[in-house]
Amino acid sequence: MDNIIKEQILKIRNTGLTNMFDLSMVQRIAHDMELFELVVYLENHHEEYVHFILYGEE
């Protein structure tokens with residue numbers, strides 16, 4: 001996971017709009033915010049994403 005993805009995850013988290021474990025809503029918000037790198041990343045990296053949300057590390 002690169003820094004761009006981390007920054008985009010944190011941007012969505014900071015909005016408080018969704019539970020960060022609701023991956024489809026996270027993708028939808030990312031799309032609406034034009035965070036397209038994260039939209040694509042979430043298609044194939046669910047486990048890495050959840051690990052980052054739980055532990056704050058890759």
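Mentor: Contact here means heavy atoms within 4.5 Å, and helices (H or I, at least four residues) and strands (E, at least two) are DSSP runs, numbered from the N terminus. You're looking at a predicted model, where local features need pLDDT of at least 70 and side-chain atom pairs count only at pLDDT 80 or more, while totals for chains, interfaces and linings use all residues. Residues are numbered from 1 along each chain as its sequence is written, and side-chain values use heavy atoms, with hydrogens and water left out.

Trainee: Okay, α2 then. What arc do its buried residues cover around the axis?

Mentor: Helix α2 spans residues 23–32, and its buried residues (under 20% relative accessible area; exposed is over 50%, partly exposed in between; 1.4 Å probe, protein chains only) are Leu-23, Val-26, Gln-27, Ile-29 and Ala-30. Taking directions from the helix axis to the C-beta atoms, these residues lie on the same side of α2 because their arc is only 165 degrees.

Trainee: Which exposed residues sit on the face turned away from that?

Mentor: Think of the helical repeat: an α-helix has 3.6 residues a turn, so residues three or four places apart point the same way. On the face of α2 turned away from the buried side, the exposed residues are Ser-24, Arg-28 and Asp-32.

Trainee: And what covers the buried residues of α2?

Mentor: One buried residue to follow is Val-26, which touches Ile-12, Thr-18, Asn-19, Met-20, Leu-38, Leu-42 and Tyr-49, leaving aside residues up to four places away in sequence. For the buried residues of α2 as a group, the cover includes α1 (3–15), α3 (36–44) and α4 (46–55).

Trainee: How do α2 and α3 run relative to each other, roughly parallel or roughly antiparallel?

Mentor: Use lines fitted to C-alpha atoms, for helices over the stretch in contact, with angles from 0 to 180 degrees between N-to-C directions. The α2 and α3 axes come within 8 Å and cross at roughly 155 degrees. The cut-offs are under 35 degrees for roughly parallel, over 145 for roughly antiparallel, 65 to 115 for roughly perpendicular, and oblique for the rest. That pair is therefore roughly antiparallel.

Trainee: Which α1 and α4 residues make the contact between those two helices?

Mentor: Their axes are 12 Å apart, with a packing angle of about 60 degrees. That angle makes α1 oblique to α4. From α4 the contact has Tyr-49, Phe-52 and Ile-53, and from α1 it has Lys-6, Ile-9 and Leu-10.

Trainee: How many residues does the largest nonpolar core have?

Mentor: A nonpolar core is a set of buried Ala, Val, Leu, Ile, Met, Phe, Trp, Tyr and Cys residues joined through side-chain atoms within 4.5 Å. In the largest one, Ile-9, Ile-12, Val-26, Leu-38, Leu-42 and Tyr-49 have the most contacts, and its residue count is 15. As for who contributes, at least two residues each come from α1, α2, α3 and α4, and the total is again 15.

Trainee: Ile-5 next: how far is it from Tyr-49 in space?

Mentor: Ile-5 belongs to α1 and is buried, at 5% relative accessible area. Beyond four places away in sequence, Ile-5 touches Glu-37, Leu-38 and Tyr-41. Ile-5 and Tyr-49 are 44 residues apart in sequence, and their C-alpha to C-alpha distance is 9.4 Å.

Trainee: Is Thr-18 buried or exposed?

Mentor: Thr-18 is in the loop between α1 and α2. Apart from residues up to four places away in sequence, Thr-18 touches Met-25, Val-26 and Ile-29. With a relative accessible area of 19%, Thr-18 is buried.
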